[in-house]
Amino acid sequence: MQCAEVQKILHEVREQIQRGGGGAIGLSTNFKIEVTESDIGGHGLTELLQKSAGCSPTVQRVVIGLKAPGGVAVPIETLLLTFIHELAHTVTELAEINPKLVPKKIMRLQGGGGGGSSSSVFLHHSTGFYSNYATLLKIAEKEGILVLPSVPGKLSAKNLLFLDSIDPADSATGFLTGVSPKYSAPRSQLRLLLCDLSGTKKTFLIDVVSVTVDLLLKTASAKFNRRGKKLFTSFHIYLDGKKAESLSNDSPITDSDLRATLSAGSAAREISLLFQSSC
């Protein structure tokens, strides 16, 4: 993606999060957003002006880098996660603290310019920061901007700190950065969750362009060992647990309907197919 295209998206995202509830915790839409292909030592940075601890910082600008160290392009999902991280900095008061009291894994995230006196630093990644980060991510999920992988405690400070600690080269591959219903590009390959009425589940990787109804019925029948039993004859598609609206009736699914539904739902966290056999 080009700088201008990403910058347009990030301005939209800030507006959506601000209107969706971010304004209630102080998110402004007045500061400058810059996007660069230069190596900025990570994915993003926020420049703040703060006169003293406990005061709300003045945001100068937020900078987002399109490439990880080594020149690897960063996918839109990682850019969005990074940008929301930086937005959390813009609404978090900095606490001045003795650096000896800060865990090493937190100090590694400080970057340069810790601020404070020689015996203290302005802590950028405090408990308050991760609380604000979680709040903004909740809004982002509600607005369809970014959905993190479904893991226990996905918005806990512990998990968000883990995401922050991922090597930029790894996160540049989209590692653990979730999906964006609004901005993720449709995927050509999808991992489907195949289910039967007994609750048994199997996974299957398909190519959206060439998948057919017959292929799925035969594959599911084989995976569920239906030999000697009635083979599967139909299935329903569910996107994140909700039946696909385009296929809500009981008419047979055509190959074109199947491909269109899977392509449109490719940003879903889970695509499941419930298989049935005729009576």
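Reader: How many helices and strands does the chain have?

Author: In this predicted model, the chain has 8 helices and 12 strands. Of its 279 residues, 43% count as buried. Among contacts between residues at least 6 apart in sequence, 65% join residues at least 24 apart.

Reader: Let's turn to helix packing. What makes H1 oblique to H2?

Author: Helix H1 (residues 3-19) and helix H2 (residues 76-90) pack at an angle of about 50 degrees, and their axes are 11 Å apart. Angles under 35 degrees would count as roughly parallel and 65 to 115 as roughly perpendicular. The value of about 50 degrees belongs to neither class, so H1 is oblique to H2. The crossing in which H1 passes H2 is right-handed.

Reader: Which residues make that contact, and how do they divide by class?

Author: H1 brings Val6, Ile9, Leu10, Val13, Arg14 and Ile17, while H2 brings Ile76, Leu79, Leu80, Phe83, Ile84 and Leu87. They divide into 11 nonpolar, no polar and 1 charged. Arg counts as charged, so Arg14 of H1 is the charged residue here.

Reader: And H2 with H4: why are they called oblique to each other?

Author: H2 and helix H4 (127-142) pack at an angle of about 130 degrees, with axes 8 Å apart. Roughly perpendicular covers 65 to 115 degrees and roughly antiparallel needs over 145. About 130 degrees meets neither condition, and H2 and H4 are therefore oblique to each other. Their crossing is right-handed.

Reader: What classes of residue make up the contact of H2 with H4?

Author: This contact has 9 nonpolar, 3 polar and no charged residues. From H2 come Leu81, Ile84, His85, Leu87, Ala88 and His89, and from H4 come Phe129, Asn132, Tyr133, Leu136, Leu137 and Ala140. His and Asn are neither on the nonpolar list nor on the charged one, so His85, His89 and Asn132 are the polar residues.

Reader: Which residues touch the most other members of the largest nonpolar core?

Author: Those are Ile17, Leu80 and Tyr133, in a core of 40 residues. The elements giving two or more residues to this core are H1, strand S1 (32-36), strand S3 (58-65), H2, H4 and helix H5 (157-164). Leaving aside neighbours within four places in sequence, Ile17 is in contact with Gly22, Gly23, Leu27, Ile84, Leu87, Leu136, Ile139, Ala140 and Ile145. A second, separate core has 23 residues, including Leu190, Leu194, Phe204 and Val211.

Reader: How do you know that Thr36 is buried?

Author: Buried means under 20% relative accessible area, and Thr36 has 18%, so Thr36 is buried. Thr36 is found in strand S1. Apart from its neighbours within four places in sequence, Thr36 is in contact with Cys3, Val63, Ile64, Gly65 and Leu66.

Reader: Why is Asp240 called partly exposed?

Author: Asp240 has 36% relative accessibility. Buried would need under 20% and exposed over 50%, so Asp240 counts as partly exposed. Asp240 is found in the loop between strand S10 (234-239) and strand S11 (242-243). Its phi is near 50 degrees, a positive value in a residue other than glycine.

Reader: Which residues of H7 are buried, and what do they pack against?

Author: In helix H7 (residues 213-223), Val213, Leu216, Leu217, Thr219, Ala220 and Ser221 are buried. The buried residues of H7 pack against strand S8 (189-195), strand S9 (201-207), S10, helix H8 (255-264) and strand S12 (271-276). Just after H7, Asn225 takes a positive phi of about 55 degrees.

Terms used
Residues are numbered from 1 along each chain as its sequence is written. This is a predicted model: local features need pLDDT of at least 70, side-chain atom pairs count only at pLDDT 80 or more; totals for chains, interfaces and linings use all residues. Side-chain values use heavy atoms; hydrogens and water are left out. Axes are lines fitted to C-alpha atoms, for helices over the stretch in contact, and angles run from 0 to 180 degrees between N-to-C directions. Helices (H or I, at least four residues) and strands (E, at least two) are DSSP runs, numbered from the N terminus. A crossing is left-handed if the near helix is turned anticlockwise from the far one by less than a right angle, and right-handed if clockwise. Contact means heavy atoms within 4.5 Å. Buried means under 20% relative accessible area, exposed over 50%, partly exposed in between (1.4 Å probe, protein chains only). A nonpolar core is a set of buried Ala, Val, Leu, Ile, Met, Phe, Trp, Tyr and Cys residues joined through side-chain atoms within 4.5 Å.
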